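Trainee: Could you take one part of this model and walk me through it closely? I'd like to follow a single strand and then see what its surroundings lead to.

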Amino acid sequence: MDYQIYEANVSEKEIIIAGIDGGGLYFAKKIQTVLKEITEAEITLCKVFMDKANPLKSGVKTSVPEEEYTNKSVVLVDDVLNSGTTLIYGVHHFLKTPLKQLKTAVLVNRNHKKYPVKADYKGVSLSTSLQEHVHVKFQAKNDIVYLD
């Protein structure tokens, strides 16, 4: 996935990796680490904050000011794409600013979307029932993803 992101941004001087707070932020940090090893571009980590239960009410905030990602390449990262609610509100936030490009990356794509949002980069796609839950645990050495 990191090489796909690099290839799509090979001529960029800076890439903004915007991780949605929680699992998305942990995954974004891992992407940032690998990208720093394979490209000379500056890799900026942007933390994306929202109330995942009610993103419309809480709004979306970022740790990086808007002017610092204007006209740049942004990759919005989350751990699991389930209904698409979190990702669509994140995308909506970034679309208020002129960008060079906006892509999305998820570790697990569950294919239960209620919004028209897709992952441009995905680790794995799972066909699951609505009753099943995907757990992602980021750890120091071995990360774990399992279906419950």
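Mentor: Let's start with strand β1 and work outward to the largest pocket. Keep in mind that this is a predicted model. Strand β1 covers residues 14-20, and 7 of its 7 residues are buried, so the rest of the structure largely encloses it. Look at both faces: E14, I16, A18 and I20 point one way, I15, I17 and G19 point the other way, and all are buried.

Now for the neighbours. β1 pairs with strand β2 (residues 42-49) in the parallel sense, over 7 bridges, and I16 stands opposite T44 in β2. To get from β1 to β2, the chain runs through helix α2 (residues 23-38), and that β-α-β crossover is right-handed. β1 also pairs with β4, again in the parallel sense, over 5 bridges; there, G19 stands opposite V77 in β4.

β4 takes us to the largest pocket, which holds about 280 Å³ of space. Of its 16 lining residues, D78, D79, V80, L81 and N82 are the closest to the centre. β4 (73-81), α5 (85-94) and β7 (134-137) each supply at least two lining residues, and β4 gives the most, with 4. By type, the lining divides into 5 nonpolar, 7 polar and 4 charged residues.

Finally, glance at α5, one of those contributors. That helix is mostly covered, with 7 of its 10 residues buried: T85, T86, L87, G90, V91, H93 and F94.

Methods: Residues are numbered from 1 along each chain as its sequence is written. This is a predicted model: local features need pLDDT of at least 70, side-chain atom pairs count only at pLDDT 80 or more; totals for chains, interfaces and linings use all residues. Side-chain values use heavy atoms; hydrogens and water are left out. On a 1 Å grid over the protein atoms alone, a cavity is a set of points where a 1.4 Å probe fits but cannot get out, and a pocket is an open set with protein on both sides within 12 Å along at least five of seven lines; lining residues have an atom within 4 Å of a point. Grid points are joined across faces, edges and corners, and a volume is the space filled by probe spheres set on the points. Ala, Val, Leu, Ile, Met, Phe, Trp, Tyr, Cys and Pro count as nonpolar, Asp, Glu, Lys and Arg as charged, and the others, Gly among them, as polar. Buried means under 20% relative accessible area, exposed over 50%, partly exposed in between (1.4 Å probe, protein chains only). Two strands pair if DSSP finds at least two bridges between them. A crossover is right-handed if, with the strands pointing away from the viewer, the path from the first strand over the helix to the second runs clockwise.
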